[in-house]
Amino acid sequence: MAREYLAKLSQLVLRLDVEKAAGARIEVRHLFTGAAVYVNGVVCASWSPVGLAFRLPENEVTALIARGRARPLKYFRDGHVKKGYALFASPERSSPGRWKPYFVRAVKHGREMAATPGRPRLGAPARKSRR
């Protein structure tokens, strides 16, 4: 199943020329049952069976959800809400161009998160706690 979402996300990112629009090098890789867009080792968007999700500043996520444009991201019905993500169900029903501004903002937000000192990145060794 993940291959389906990897193909869909890869095609959409290429079609929208997200790297050029956001001014950053990105990677699209498998993520559990879907696929994710990474910038500097930080997930900034994902496409899975629940829909297309963008990692955005919390105030923007809150506003999108409050206006009914997005839903909170939950991978399971009884699971916890993934903070900082705006979920759009059934993204295939919308014009692909609708998603470009979200990708650009998510990639820029991901770059800011990656630049935050002390923030672990994908592939970086976990810091040991001192006790």
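In what order do the elements of the protein chain run from the N terminus on? In this predicted model, the order is α-α-β-β-β-β-α-β-β-α. Counted by type, the protein chain holds four helices and six strands. The chain has 131 residues, and 40% of them count as buried. Its accessible surface comes to about 8,200 Å², with 52% of that belonging to carbon and sulfur atoms. The contacts give a first idea of the fold: among those between residues at least 6 apart in sequence, 58% join residues at least 24 apart.

A good place to begin looking inside is the nonpolar interior. In soluble globular proteins, nonpolar side chains tend to be buried together. Here, the largest nonpolar core has 29 residues, and Phe-54, Trp-99 and Phe-103 touch the most other members. Two or more residues of this core come from each of helix H1 (2–16), helix H2 (18–22), strand S2 (34–39), S3, S4, helix H3 (58–66), S6 and H4. Of these elements, H1 gives the most, with six residues. Apart from this core lies another one, made of eight residues, among them Leu-31, Ala-36, Tyr-38 and Ala-53. Tyr-38 also has a charged partner, as Arg-29 lies over the face of its ring, at 4.2 Å from the ring centre.

The aromatic residues come next. A pair of aromatic rings is described by the distance of the centres and the angle of the planes. The structure holds seven aromatic pairs. One of them joins Phe-54 and Phe-88, with 6.0 Å from centre to centre and 70 degrees between the planes, an edge-to-face arrangement. Phe-54 lies in strand S4 (residues 51–55) and Phe-88 in strand S6 (residues 82–88), so this pair ties together parts that are 34 residues apart in sequence. Both of these phenylalanines are buried. Phe-54 has a further partner in Phe-103: the ring centres are 4.9 Å apart and the planes stand at 85 degrees, and because an angle over 60 degrees counts as edge-to-face, this pair is edge-to-face too. Phe-54 in strand S4 and Phe-103 in helix H4 (residues 100–114) are 49 residues apart, and their pair links distant parts of the chain. Phe-54 and Phe-103 are both buried. Taken together, ring pairs link Phe-54, Phe-88, Trp-99, Tyr-102 and Phe-103 into a cluster.

Which residues does Phe-103 touch, not counting those up to four places away in sequence? They are Leu-9, Leu-12, Val-13, Leu-16, Val-18, Val-37, Ala-45, Leu-52 and Phe-54. The helix that carries Phe-103 also invites a simple check of its length. At 1.5 Å a residue, the 15 residues of H4 should span 21 Å, because the expected span uses one less than the number of residues. The end C-alpha atoms of H4 are 21 Å apart, which agrees with that expectation. The buried residues of H4 are Tyr-102, Phe-103, Val-104, Ala-106, Val-107, His-109, Gly-110, Met-113 and Ala-114.

Ala-106, in helix H4, deserves a look of its own. This alanine counts as buried because its relative accessibility is 0%, and buried means under 20%. Leaving aside neighbours within four places in sequence, Ala-106 is in contact with Cys-44, Phe-54, Arg-55 and Leu-56. Ala-106 and Ala-45 are 61 residues apart in sequence, but their C-alpha atoms are 6.7 Å apart in space.

Two further residues show how other elements are placed. Is Ser-46, in strand S3 (residues 42–48), buried or exposed? Ser-46 counts as buried, because its relative accessibility is 2%. With residues up to four places away in sequence left out, Ser-46 touches Leu-31, Ala-35, Ala-36, Gly-51, Leu-52, Ala-53 and Tyr-75. Val-61, for its part, is found in helix H3. This valine is buried, with a relative accessible area of 2%. Beyond its neighbours within four places in sequence, Val-61 is in contact with Leu-56, Gly-84, Tyr-85 and Ala-86. Val-61 and Lys-83 are 22 residues apart in sequence and 8.7 Å apart in space, C-alpha to C-alpha.

Technical notes. Residues numbered from 1 in each chain as written. Predicted model: local features only at pLDDT ≥ 70, side-chain atom pairs only at ≥ 80, totals over all residues. Heavy atoms only, no water. Phe/Tyr/Trp six-rings, centres within 6.5 Å; stacked < 30°, edge-to-face > 60°. Buried < 20%, exposed > 50% of the residue type's maximum accessible area, 1.4 Å probe, protein only. Lys NZ or Arg CZ within 6 Å of the ring centre and 35° of its normal. Contact = heavy atoms within 4.5 Å. Core = buried A, V, L, I, M, F, W, Y, C linked by side-chain atoms within 4.5 Å. Areas by Shrake-Rupley, 256 points an atom, 1.4 Å probe, with all protein chains shown as cover.
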